[in-house]
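Grab a pencil and have a go at these exercises. Try each task yourself before you read the worked solution below it.

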Amino acid sequence: MKRRTLNIGLSIALASSLMACSGNIKKQDTGEMIPADTMTTVMEGIQTKHVGHVKVTWLKDNAEKRLMPLELFGNAPQTLVDSLHLQAGVPSSVSAFLVETEGLRILFDTGMGASDSQLLPGLKSLGLSPTDINYLYLTHFHGDHIGGMMKGDSAVFPNAQIYASKAEFDAWMTMPESKNAQVVRTINAYKDRLHLMAFGDTLPGGVIAMEATGHTPGHTIYQIGKLLIAGDLMHGAALQLADPTLCASYDMDSKTAIKKRQQYLQYARDNNLTMAGMHFPEPAFLSLN
């Protein structure tokens with residue numbers, strides 16, 4: 001199978017699959033140069049681009065450089081790792097995305113909510129505060145996706161309507177308290193504004209919720225026009241694009257996660273979609289064509 005390249009600007013080379021040159025990004029398999037000005041850099045860790053009618057802004061939450069340890073991908077062949085020059089780890093990020101469409105501001109996930117998290121400073125640099133977010137769409141309930149919803153015991157986004165899949169909610173509510181305490185505390189803080197949706201539902205802003213179970217029982221990715229918010233479909237894009245059957249240990253159901261990863265990578269290729277992933281290397285946009 002022909003190895004696809006990553007059309008995502010990185011500060012370091014991701015093996016032979018990506019090369020930056022004179023402010024442009026070169027697709028090695030075609031030689032096509034993609035103008036860097038298709039994305040506008042607001043400040044370090046923030047980039048805005050238009051995908052069709054949708055304005056989407058990448059917001060990096062992690063303050064420090066992030067590499068996924070190879071140990072997370074326990075069965076990754078060393079020959080593949082060496083060929084991709086990923087011996088030090090797989091470039092990654094903790095990211096959220098702000099979509100502005102139809103006069104709405106929709107935030108997809110909220111990062112860690114750590115003391116050095118960059119989500120709120122990033123919003124501030126855009127002239128926005130948490131009160132300006134109309135909707136918060138969650139891909140799943142892991143702490144690096146819902147952590148930014150809370151500050152202490154208080155909800156950070158006082159006006160946002162929260163959407164999450166019912167499958168995800170039901171699964172976490174049946175887990176022992178030792179595993180779901182953060183989820184329960186967060187859900188309780190937003191319970192009057194929480195909406196549980198089914199896969200296939202169309203949400204405000206014309207966003208379609210799509211099943212991507214496997215990483216978690218209700219892992220959801222979202223499509224709006226030509227943009228696919230891919231959640232945790234991949235934790236180490238450089239490695240998993242080369243071999244989509246490789247799973248990070250975070251995937252709860254690896255067999256289903258592999259199936260969904262293969263399915264949506266092909267779907268993105270077939271439909272010429274721009275993917276935005278919460279752990280893609282920065283800036284966390286990916287085009288496969």
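## Exercise 1: Walk across a sheet

Task: work out the order of the strands in the six-stranded open sheet, and find which strands stand at its edges.

Step 1. Six strands make up this open sheet, in the order S16-S17-S18-S19-S20-S21, and their pairing is mixed. Strands (E, at least two residues) and helices (H or I, at least four residues) are DSSP runs, numbered from the N terminus. Two strands pair if DSSP finds at least two bridges between them.

Step 2. Now look at the ends of that order. Strand S16 (202–203) and strand S21 (285–287) are at the edges with a single partner strand each, so one side of each has no neighbour in the sheet.

Before going on, a word on the model. It is predicted, so local features need pLDDT of at least 70 and side-chain atom pairs count only at pLDDT 80 or more, while totals for chains, interfaces and linings use all residues. Residues are numbered from 1 along each chain as its sequence is written, and side-chain values use heavy atoms, with hydrogens and water left out.

## Exercise 2: Zoom in on S17

Task: describe how S17 pairs with S16 and with S18, then find the helix that packs on the sheet.

Step 1. Start with S16 and S17, which pair in the antiparallel sense over two bridges. Leu203 has Val207 in S17 as its bridge partner.

Step 2. Check the turn. S16 and S17 form a hairpin with three residues between them, and Gly205 in the turn has a positive phi of about 90°.

Step 3. Move to the other pairing. Strand S17 (residues 207–211) runs antiparallel to strand S18 (residues 220–224), over four bridges. Glu211 sits opposite Thr220 in S18.

Step 4. Add the helix. Helix H7 (residues 254–270) packs on the sheet and touches S17, S18 and S20, with its direction at about 145° to that of S17. Contact here means heavy atoms within 4.5 Å. The axes are lines fitted to C-alpha atoms, for helices over the stretch in contact, and angles run from 0 to 180 degrees between N-to-C directions.

## Exercise 3: Two strand residues

Task: decide whether Gly277 is buried or exposed, then do the same for Thr101.

Step 1. Place Gly277: you'll find it in strand S20 (residues 274–277). Its relative accessible area is 0%, so Gly277 is buried. (Buried means under 20% relative accessible area, exposed over 50%, partly exposed in between, with a 1.4 Å probe and protein chains only.)

Step 2. List its company. Apart from neighbours within four places in sequence, Gly277 is in contact with Ser95, Phe97, Ala230, Gly231 and Ala284. The C-alpha atoms of Gly277 and Ile229 are 6.1 Å apart, although 48 residues separate the two along the chain.

Step 3. Turn to Thr101, which belongs to strand S9 (residues 95–101). With a relative accessible area of 5%, Thr101 is buried. Not counting residues up to four places away in sequence, Thr101 touches His53, Ile106, Gly205 and Ile224.

## Exercise 4: Unusual backbone spots

Task: what is special about the backbone at His85, at Asn272 and between Glu282 and Pro283?

Step 1. His85 isn't a glycine, yet it has a positive phi of about 60°. His85 lies in the loop between helix H1 (78–83) and strand S8 (90–91), and is exposed, at 56% relative accessible area.

Step 2. Asn272 isn't a glycine either, and has a positive phi of about 55°. You'll spot Asn272 in the loop between H7 and S20; it is partly exposed, at 47%.

Step 3. The peptide bond from Glu282 to Pro283 is cis, with omega near -10°. Pro283 is in the loop between S20 and S21.

## Exercise 5: Look for a hole

Task: which residues line the largest cavity?

Step 1. There are three cavities of 30 Å³ or more in the structure. On a 1 Å grid over the protein atoms alone, a cavity is a set of points where a 1.4 Å probe fits but cannot get out, and lining residues have an atom within 4 Å of a point.

Step 2. Read off the lining: Met43, Glu44, Gly45, Ile46, Leu59, Lys60, Gln118, Pro121 and Gly122. Strand S6 (54–60) and helix H2 (119–125) each supply at least two of the lining residues.

Terms used
On a 1 Å grid over the protein atoms alone, a cavity is a set of points where a 1.4 Å probe fits but cannot get out, and a pocket is an open set with protein on both sides within 12 Å along at least five of seven lines; lining residues have an atom within 4 Å of a point. Grid points are joined across faces, edges and corners, and a volume is the space filled by probe spheres set on the points.
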